[in-house]
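I opened my notebook on this one to see how the chain is put together and where empty space is left inside. Here is what I looked up, in order.

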Amino acid sequence: MLRKVFHPHTLQVYHLLSGLLHEPFTEALKLALRWQQCRQQSAEIWRHGGEHSVDQVHRRANEIDIPDLERLHTYLAAQPRGCVLATLHMGDYLHAILRIVSAFPDRRIVLLRRKAETAEEQGVFQHLSHIGLGFEVIRHGSSAVKGVIRALRAGHLVVMPFDLPQGWGPTQPLQVMETTMHWVAGPVQLAQRTRALIVPFVCYQHGQTTHCDLFPVLDTTSGLTSSSTKGLDTQQTSKVLGQQLADMASQVIRAYPEQWLHWHLLPEMMPNE
């Protein structure tokens, strides 16, 4: 009966929420339906993002509550090194990125995106560039690694999502919500190769307010002094740093499961489960 009513992805997410989060039938169903609404809202943001005036874009970005943004600005102002802004596909992450980007007018911003560019996405990026909020876009592919490395070594800020399966690059197994998931290792490994900082951030809505939590900065060069990575080789350190990102993600996804937009990709993230 459910198959006749819901989109296949929504039905899939219902089963995942029920199984992984042990939600009862009625609550899992409500969450799956709200997840479908969140997906639609995210698609609308990208679909109409190229139509908004500069004032509308700034207003929407400034409505996002980021209490630690000034502290991050002060910290990075004293750091000439590159920085990976690592995030999830969650909430209104586009305007959260724009809010963070606007705080660093003197730093070049690079955004890593999927291989295929949609017409809506092209329109959004062209429009943002036209109104003075442009940033360089690097597409996943054979040349992406070189482009990201150049950007980080030059001291730029690179926005990279880390909740992606193997179709977006090599992965490593991590514990996410007490389940083994294979998420891309690129954000951590490229930061390691360039001695860059990692700033994790997650966007979500609570009540009528959109929040963006900035988590503690991960310094990829502190392996000799950090107790969590002391004595570990590069691969082991990558796993530890990746798990720290996964722990942060688990915390927010558990609190707002319907707002994580990638539930439907779990079969790709759990290939052996």
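**Entry 1, the whole chain.** I note first that this is a predicted model. I began with the contacts: among those with a separation of 6 or more, 73% join residues 24 or more positions apart. Next I looked up the secondary structure and found eleven helices and nine strands. The chain has 273 residues, and 52% of them count as buried. I also looked up the surface: about 13600 Å² is exposed, with carbon and sulfur atoms supplying 50% of that area.

**Entry 2, looking for cavities.** Rolling a probe the size of a water molecule over the atoms shows where empty space is left. How many cavities of 30 Å³ or more are there? I get three. The largest cavity comes to about 60 Å³, and I stayed with that one.

**Entry 3, the lining.** Which elements each supply at least two residues of the lining of the largest cavity? My list reads strand 5, strand 6, helix 9 (186-194) and helix 10 (234-255). I wrote down the lining residues as well: Phe-162, Gln-172, Leu-174, Trp-183, Val-184, Ala-185, Pro-187, Val-188, Gly-242 and Leu-245. Sorted by class, the lining holds eight nonpolar residues and two polar ones, with no charged residues. I then picked two of the lining residues, Gln-172 and Val-184, for a closer look.

**Entry 4, Gln-172.** I found Gln-172 in strand 5, which covers residues 171-176. Is Gln-172 buried or exposed? Gln-172 counts as buried because its relative accessible area of 9% is under the 20% cut-off. Setting aside residues up to four places away in sequence, I see Gln-172 touching Met-181, His-182, Trp-183, Ala-185, Ser-238, Lys-239 and Gly-242. Three of these names were already in my lining list, namely Trp-183, Ala-185 and Gly-242.

**Entry 5, Val-184.** My second pick, Val-184, lies in strand 6, residues 179-184. Val-184 is buried too, at 10% relative accessibility. Leaving out neighbours within four places in sequence, I listed its contacts as Pro-161, Phe-162, Leu-164, Pro-165, Trp-168, Gly-169, Pro-170 and Thr-171. Of these, Phe-162 also lines the largest cavity. How far apart in space are Val-184 and Gln-166, C-alpha to C-alpha? I have 6.4 Å for that pair, with their positions 18 residues apart in sequence.

How values were computed: Residues numbered from 1 in each chain as written. Predicted model: local features only at pLDDT ≥ 70, side-chain atom pairs only at ≥ 80, totals over all residues. Heavy atoms only, no water. Buried < 20%, exposed > 50% of the residue type's maximum accessible area, 1.4 Å probe, protein only. Contact = heavy atoms within 4.5 Å. Areas by Shrake-Rupley, 256 points an atom, 1.4 Å probe, with all protein chains shown as cover. 1 Å grid on protein atoms, 1.4 Å probe; cavity = no way out; pocket = protein on both sides within 12 Å on 5 of 7 lines; lining within 4 Å. Points joined across faces, edges and corners; volume = space filled by probe spheres on them. Nonpolar A, V, L, I, M, F, W, Y, C, P; charged D, E, K, R; others polar.
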